[in-house]
Amino acid sequence: IAHRNVTVETTAGGTRTVQFNTNESTDDRQFTIKVEDPTDTTNYDEVKVRVEEGAVTITAAGTGTYYIGEEITLEGTCTESDYVYLFLTGPNLPSNGVALTGAMNAVTNDNAATFTEEVVEADDTWSYKWNTADLLRSLDSGGYTIYAVSAPKDKDHLSDAQYDTISIQLRSGFISATSSGAVIAKGDDLKLTGTAQGDPDEVHVWIFGKNLQLTGESATVEDDGSFEYELKGAQTKDLSAGQYFVVIQHPMMNGEFDIYPGIAGWINGTSGSGFEAVRIGGLQASDAANALIKALDSPNIDDTYVKLTFVVEEPRILIDPIGDVPAGSTFTISGTTNLAVGDTLNVEVTSAAFTPSGKGEESGFASVARTTEVKAGDGANVWSVEIDGSAF
């Protein structure tokens, strides 16, 4: 605009406010604003104002490396327009970019509906939560670039707008887990702990043993990806001794367990997976676990898993040989056990001799009792206690 003028009427106090609006088509240059008395053009004042191009910025919360299925918070500033337009480029995606939502279709230059659009707030900031679990197409692991543009311009037309970019790394979700012990005694707790990356709400836990199929168990996944599943001692005390097989299932990017337990001992697949239902109710423990793993390995199932085993034994405590010790000395009694680390043991030493004493005599040694905790050992867990034999 080369020139524009308006006539305004001041208030009773002799003042008036005039607003000049700019937009993305306003020239990046200096403008002069002049005010004068229409009845006396020699009575005037003027001020010079510089209009500069706006800018767009984009950042992503976190480290820049994310697991597919996570929610990524994108945010930044935009002083060029009232909206930012987001798109993504990466391996084997359309070269001009794709939207961040839905089926991630290719963006079309100057067609705002094909971009992911976000409103710019009054303080020139914007924020968008990109939930990668809601995408209708699969993304592979790799490096990607996200563009934030002040207008709906694709990659080939970025010179027509202000923009900024960030690079991110996407990784496939995974699961890892360990048990609190490879061998547990009946009546002890068993904890299965692990990490499920990819932001699932929960993982599914399957346990197979002698005449036992626990197929409806699950564990909540915390914000840091950790999870814990516990078999309480009240449950393990009734388990038969023997080997048990555990499969912990991760739903992966779609957030859905594509293999799930049905009724009457069947396992089913989600609609469209092409998985034929399989009955595991009549299978031995190892065969049932293998049937489940084969189902999870089906080509149309995106779920992943980790498998573990543990052994349940009858509880036992063994005492190492002590041998002779000098009278009145302090000595150690130790041993091994299959009870869990942290369990408390009561150790009692009693006299094997019986010698009646007279009424005027001090009674002889009767017993000494101590408590100790089970500690982790090399192989079997261990315990020990120190005994003061000065009164023996």
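In this predicted model, the chain carries 23 positive and 59 negative side chains. The centres of these two sets lie 3 Å apart.

The overall dimensions make a good next stop. Along the principal axes, the C-alpha atoms occupy a box of roughly 135 × 65 × 35 Å. The radius of gyration is 37 Å, whereas a compact globule of 392 residues would be expected to have a value near 21 Å. Within this outline, the secondary structure consists of two helices and 26 strands.

Contacts and surface add to the picture. Among contacts in the chain with a separation of 6 or more, 64% are made by residues 24 or more positions apart. Burial applies to 36% of the 392 residues. The accessible surface amounts to about 23000 Å², and carbon and sulfur atoms contribute 45% of that area.

At the level of single residues, P321 offers a helpful local view. This proline sits in the loop that links β22 (317-319) with β23 (330-337). Its relative accessibility is 81%, so P321 counts as exposed, given that the cut-off for this class is over 50%. A partner for comparison along the chain is S334: P321 and S334 are 13 residues apart in sequence, and their C-alpha atoms are separated by 8.4 Å.

How values were computed. Residues are numbered from 1 along each chain as its sequence is written. This is a predicted model: local features need pLDDT of at least 70, side-chain atom pairs count only at pLDDT 80 or more; totals for chains, interfaces and linings use all residues. Side-chain values use heavy atoms; hydrogens and water are left out. Helices (H or I, at least four residues) and strands (E, at least two) are DSSP runs, numbered from the N terminus. The radius of gyration is taken over C-alpha atoms; the globule rule is 2.2 Å times the number of residues to the power 0.38. Buried means under 20% relative accessible area, exposed over 50%, partly exposed in between (1.4 Å probe, protein chains only). Contact means heavy atoms within 4.5 Å. Accessible areas come from the Shrake-Rupley method with a 1.4 Å probe; for residues, only the protein chains shown count as cover. Lys and Arg count as positive and Asp and Glu as negative; His and the chain ends are not counted. The place of a charge is taken as NZ of Lys, CZ of Arg, CG of Asp or CD of Glu.
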